[in-house]
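Please examine the structure shown below together with its sequence. The paragraphs that follow lead through its cysteines, its strands, one of its helices and its empty spaces.

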Amino acid sequence: MTRVAAIDCGTNSIRLLVADVDSTAGTLVDLDRRMEVVRLGAGVDRTGRIAPDALERTLDAARRYAGICAERGVERIRFVATSASRDAENRQDFVDGVLAAVGVEPEVIGGQEEALLSFRGATGALGRGHRGPYLVVDLGGGSTELVLGTTSPVAAVSMDVGCVRLTERHLSEDPPTPAEIAAASADVAAALDAAGAVVPFGRTGTLVGLAGTVTTVTAHALKLKSYDPERIDGARLPVDAVLRSCADLLGRTRAERAALPFMHPGRADVIGAGALVWSDIVARVRSDVAVAGGRLTHVVTSEHDILDGIAWSVAG
């Protein structure tokens, strides 16, 4: 048994998992799982640089996470940074700041490794009864990873579309106008065309969605009175229910989204774009499965994602 900490720093949020992992028994027990919206990638798509205030918000959170790790007696820490850090010219400022705050150097990983860690984390906790191959989709702030496989990945791709990136590029009105939605959807369609040349969506047996956008869409579809991870994790929703939930979130104003009882306050301004991306992915996969002679009727949501994959990897 090894006590480990996994830290995932993306475009929108920074998250921590402290867990006891027994690689021999194949068990992972959560001790602490938390998230803060720090928006490290705010403006990176436009400027190519991490803004000073965004960097300081992120390092503040990293210092708090380092304190939790010390209190919990963590033996090993792995800190992984994804889309915003990959794209920023001044990522060395981020690397140096995290090293000083946490005592470990953050690994700025590529989209392929991000996809593989997400697949491992999600499928390791997926209950029995789901038909493979699994298409695991990790929808983030700056990028979205798609991985197909059953016991191990057979195809993976990372798309440069995410809820923060698309909001900054296209959705400035409140609520978004039809023209803005059409422009954003065209970006997603182009990315899916390219991704579909690498990952055969039509072979999908079970579509599994991860990360804050997907869990929030699921909470909305379930009409939850508060954010309840136990009800969200493993939820199996009809495809049409997912699409209705996405459309409703996209059509609301920011104030209306923020008033929803399960909405994280740092997500209300970008969930519209996230819902658009998730809707377009679900619709594309259903269409490709149908063309291949199958039928995609449901979508599964998982609270287990890249954090779990990082924890497994650091435990050895």
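A disulfide is a pair of cysteine sulfur atoms within 2.5 Å. The model under discussion is predicted, and a search of the whole of it finds 0 disulfides. Why is C163 not in a bond with C246? The closest cysteine sulfur to that of C163 belongs to C246 and is 12 Å away, which is too far for a bond. C246 is likewise in no disulfide, the nearest cysteine sulfur being that of C163, at 12 Å. As for their surroundings, C163 is buried because its relative accessible area is 2%, a value to be set against the cut-off for burial, under 20%. C246 also counts as buried, with a relative accessibility of 2%.

The strands may be taken next. Strand β1, residues 2-9, pairs with strand β4, residues 76-81, in the parallel sense, and 6 bridges connect them. Within this pairing, A6 stands opposite R78 of β4. Strand β4 is also joined to strand β5, residues 107-108, by 2 bridges, and these two strands run parallel. Here V80 has E107 in β5 as its bridge partner. Strand β4 thus has pairings with β1 and with β5.

In which sense do strands β7 and β8 pair, parallel or antiparallel? Strand β7, residues 144-149, and strand β8, residues 153-159, pair in the antiparallel sense over 6 bridges. The connection between β7 and β8 is a hairpin of 3 residues. One facing pair places T144 opposite M159 in β8.

Among the helices, α12 deserves attention. Helix α12 covers residues 271-291, 21 residues in total, and extends 30 Å from its first C-alpha to its last. That span is close to the 30 Å expected at 1.5 Å a residue. After α12 comes G293, whose phi is positive, near 95 degrees.

The empty spaces remain to be described. Rolling a probe the size of a water molecule over the atoms shows where empty space is left. The structure holds 1 cavity of 30 Å³ or more, and about 60 Å³ of space lies in the largest cavity. Its lining consists of T167, L171, E173, D174, P176, R254, R257, D269, G272 and A273. Helices α11, residues 254-258, and α12 each contribute at least two residues to this lining. By class, the lining of the largest cavity comprises 3 nonpolar, 2 polar and 5 charged residues.

The largest pocket, in turn, has a volume of about 770 Å³. How many residues line the largest pocket, and which lie nearest its centre? The lining has 39 residues, and those nearest the centre are R15, M35, A211, G212 and D305. Several elements each supply at least two residues of the lining: strands β2 (13-22), β3 (27-37) and β6 (134-139), together with helices α8 (211-221) and α9 (229-232). The largest share, 5 residues, comes from α8. The lining of the largest pocket divides into 9 nonpolar, 17 polar and 13 charged residues.

Taken together, the two spaces can be located by the elements around them. Helices α11 and α12 help to line the largest cavity, while helices α8 and α9, with strands β2, β3 and β6, help to line the largest pocket.

Note on methods
Residues numbered from 1 in each chain as written. Predicted model: local features only at pLDDT ≥ 70, side-chain atom pairs only at ≥ 80, totals over all residues. Heavy atoms only, no water. Helix = DSSP H or I, 4+ residues; strand = E, 2+ residues; numbered from the N terminus. Expected span 1.5 Å × (residues − 1). 1 Å grid on protein atoms, 1.4 Å probe; cavity = no way out; pocket = protein on both sides within 12 Å on 5 of 7 lines; lining within 4 Å. Points joined across faces, edges and corners; volume = space filled by probe spheres on them. Nonpolar A, V, L, I, M, F, W, Y, C, P; charged D, E, K, R; others polar. Pairing = 2+ DSSP bridges. Buried < 20%, exposed > 50% of the residue type's maximum accessible area, 1.4 Å probe, protein only.
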